[in-house]
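Hi,

Here is the structure I promised to pass on. Have a look at it first, and then read on for my notes.

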Amino acid sequence: METGKIKNWLDAFLGIHKTGMELMKIAHKIDSSAIPLSMINALVLAADGYVGLFLTAGLIDSLLAGAFERAFLYAGSIILTALLFGMSDTLLSGLYKKSSDRFLAGFYMMMREKAISLDYETMEQPGVADSIFRSERTAMMYGGLGNIIGVYRNMLESLFSIAMALGMTAVLCFAPPLVSSGVLAVAAYPAVSVALVSTFGCGLVLIYRKGNRIFVKKDKEIFNGHTDVELKINYLLREVQDNYKAGKVIRIYDMKEMLLANIREFLDKTLHFVGRQCDVGNQGKLFRNAVNGAFMVCVYLFVAVKVLAGAITIGAFTQYSGALAKLAQGFQNLAKDSAVLQKYCVYMTDFLNLLKMENCHAAGTIPVEKRLDGEYEIAFHNVSFHYPGSDEMVLKHVNCRIHMKGKLALVGKNGAGKTTFVKLLCRLYEPTEGMITLNGVDIRKYREEEYRELFGVVFQDFKLFAFPVWCNLAAGYERDEQRLWECLERAGAADFVRGLPDGMDTLLYKDKEGGVDISGGEAQKLALARALYKDAPFVVLDEPTAALDPVSEAQVYEGFHEMAKDKTSVYISHRMSSCRFCDDIVVFDDGKIVERGSHEELLAKKGQYSRMWNAQAKYYVT
């Protein structure tokens, strides 16, 4: 083998085990007893076979010699050791099974904790969600961390077995023949025996390694293709067919056949990949069995030569042929498990990459000052921004100071940059250029979680969850019954919640049994109440009345002053009538602030705001 090839093989070998050791460290953190238990189990399993070989050889020699009392002792020892080893294996396997269950739960928790700790900008990057899906699918199909320990346990068992087999093989090779001449004498001579066994062993290892490398490559190709198909099936089944909210669209537009055709297409592709995976598995099994069979023929011939040459007894024939068989089996299992480990490590790379993933945002360290008077000053300084993966600036050189305890309206056409402005304000993204300051300090220097405590937000694409109403309102804060009802009253949702089957404890949506569906308007009111419950100094409302009927919209507008009392509010709307409730209006166009002032001032300018107002004026009652 060339030096370059040896180096590549060594690098690949070390790379696999480096990944394997990383995964083992993670597994050890989840359950520190699992690795010691697996090592003990490996030793017990390896020793079991060899103790049986020694005792069986002794039994046969005793019977051939007519020493029946000694044969009886050997037979009793075989039964006793089989019982003891069997009990030990059952006990250790049971303990290991419990550890495997903990690994699966721990794996999911670690992955989800990492995912939820990533900042919004990082989590939105293409491929992150796919990486989580692939990691979960790997754990579901192959056992994740539990199987990594299982593979290393099997490899350790093989190494123990090989070490014991090599020891016995050395004794066999160096056993001198009783005959002094002829072919048997030459073949049984220690030096020749060592050469023959070394040739058989090296040939076996090289053949296994080359064959398994081919099968690992095929497995990897199949897995990658299968994962892409599974992603599409997962979307069709979970996000479309199993999403009862999509049922109306599916039926109105007669999408049944189209959806079924797509599902059928991808299921067929899945079956194709599963079939290929089975074929590759069977080919690998046939390959290993054929190589092992050829090796065993050589083994039996070699041990028979030793017996015929008088180097070992007939009873020892079973002992040494069994040892050589275990040597071959050990190499076969080691090669197979190395291939399996390589496969698992490749599949688990997504999981490790996810754990190592760094946030896009810099980690601030300065605590945010807690002010009872709510006097916080936020300013945008020449801020420009483009989304990851795009060079198009969504905001362009924005300069804006938000007046404390005022009501700021952001208006403009779709895509003008209003919602992006709010995302930067809440530090879900960071400026591409320029900076945003809180009380004169760059917000990137503040602790991220503390900075976000300043904001209660209702985004246009807000989300409620299939939890009880109070959980949706309190979110990450403690339940305060009085405050919950006060916020529901202010958001105009109290009567609606009182009418639910279990009031505040009613489960929302039918994702879970017993849940109730609510309308878009009702959901929007609950989202408003959630923002109020947080009692943050800044209230940000992105199209808060978009799903409300005119009467409900009027009620929200009438209560808006009360809802945002003693707070700084930022209000985004396409309905220009809402601007009359605001002290300050900022007009966005093409990512820039083109106008700013009060309602009356902007109307007097007869600029873009005036044109937008007049375009909608026929819908207002002035």
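How many disulfides does the count come to? The answer is 0 disulfides, where a pair of cysteine sulfur atoms would have to sit within 2.5 Å to qualify. Two cysteines to look at while you have the viewer open: Cys 345 is buried, at a relative accessible area of 4%, whereas Cys 471 is partly exposed, at 24%. Before you go further, keep in mind that this is a predicted model.

**Overall picture**

The protein has 622 residues, and 45% of them are buried. Its secondary structure comes to 22 helices and 10 strands. If you take the contacts with a separation of 6 or more, 74% of them are between residues 24 or more positions apart. The exposed area is about 31,800 Å², with carbon and sulfur atoms supplying 60% of it.

**A sheet of four strands**

One piece I spent time on is an open sheet of 4 strands, in the order 2-1-4-5, with antiparallel pairing. Strand 2 (395-402) and strand 5 are the edges: each has a single partner strand, so one side of each has no neighbour in the sheet. As a reminder, strands of a sheet pair through backbone hydrogen bonds, either parallel or antiparallel.

Inside the sheet, strand 1 (residues 378-385) and strand 4 (residues 433-438) are antiparallel and joined by 5 bridges. If you want to check the register, His 381 stands opposite Met 435 in strand 4, and Ala 379 has Thr 437 in strand 4 as its bridge partner.

On its other pairing, strand 4 runs antiparallel to strand 5 (residues 441-442), and 2 bridges join them. Here Leu 438 has Val 441 in strand 5 as its bridge partner. The hairpin of strand 4 and strand 5 has 2 residues between the strands, and Asn 439 takes a positive phi near 50° there.

**Salt bridges**

There are 14 salt bridges in the structure. The general idea will be familiar: side chains of opposite charge can pair when their charged atoms come close. I picked out a few.

Glu 22 and Lys 356 meet through their side chains, at 3.0 Å from N to O. Glu 22 belongs to helix 1 (residues 3-30) and Lys 356 to helix 12 (residues 349-356), so this pair ties together parts that are 334 residues apart in sequence. Both ends count as partly exposed: Glu 22 has 22% relative accessibility, and Lys 356 has a relative accessible area of 48%.

Arg 452 and Glu 448 make a local pair, with their closest N and O atoms 2.5 Å apart. Both residues lie in helix 14 (residues 448-452), 4 residues apart, which is about one turn of the helix. Arg 452 is partly exposed at 25%, while Glu 448 counts as buried at 14% relative accessibility.

Then there is Arg 479, which forms a salt bridge with Asp 505, the closest N and O atoms being 3.1 Å apart. Arg 479 lies in the loop between helix 15 (469-474) and helix 16 (481-490), and Asp 505 in the loop between helix 17 (494-498) and helix 18 (520-534), so the pair ties together parts that are 26 residues apart in sequence. Arg 479 is partly exposed, with a relative accessible area of 34%, and Asp 505 is partly exposed too, with 41%. Add Glu 481, and you have a network of salt bridges linking Arg 479, Glu 481 and Asp 505.

**Two more spots**

Which residues form a nonpolar patch on the surface? They are Leu 80, Leu 83, Leu 84 and Met 87, with about 410 Å² of accessible area together. Leu 80 lies in helix 3 (residues 68-117).

Is Ser 598 buried or exposed? Ser 598 is buried, with a relative accessible area of 18%, which puts the residue under the 20% cut-off. You will find Ser 598 in the loop between strand 10 (592-597) and helix 21 (599-605). Leaving aside residues up to four places away in sequence, Ser 598 touches Asp 583 and Ile 585.

That is everything from my side.

Cheers

Technical notes: Residues numbered from 1 in each chain as written. Predicted model: local features only at pLDDT ≥ 70, side-chain atom pairs only at ≥ 80, totals over all residues. Heavy atoms only, no water. Buried < 20%, exposed > 50% of the residue type's maximum accessible area, 1.4 Å probe, protein only. Patch = residues over 30% accessible without salt bridge, like charges linked within 9 Å, V, L, I, M, F, W, Y side chains within 5 Å. Areas by Shrake-Rupley, 256 points an atom, 1.4 Å probe, with all protein chains shown as cover. Salt bridge = Lys/Arg side-chain N within 4 Å of Asp/Glu carboxyl O. Pairing = 2+ DSSP bridges. Contact = heavy atoms within 4.5 Å.
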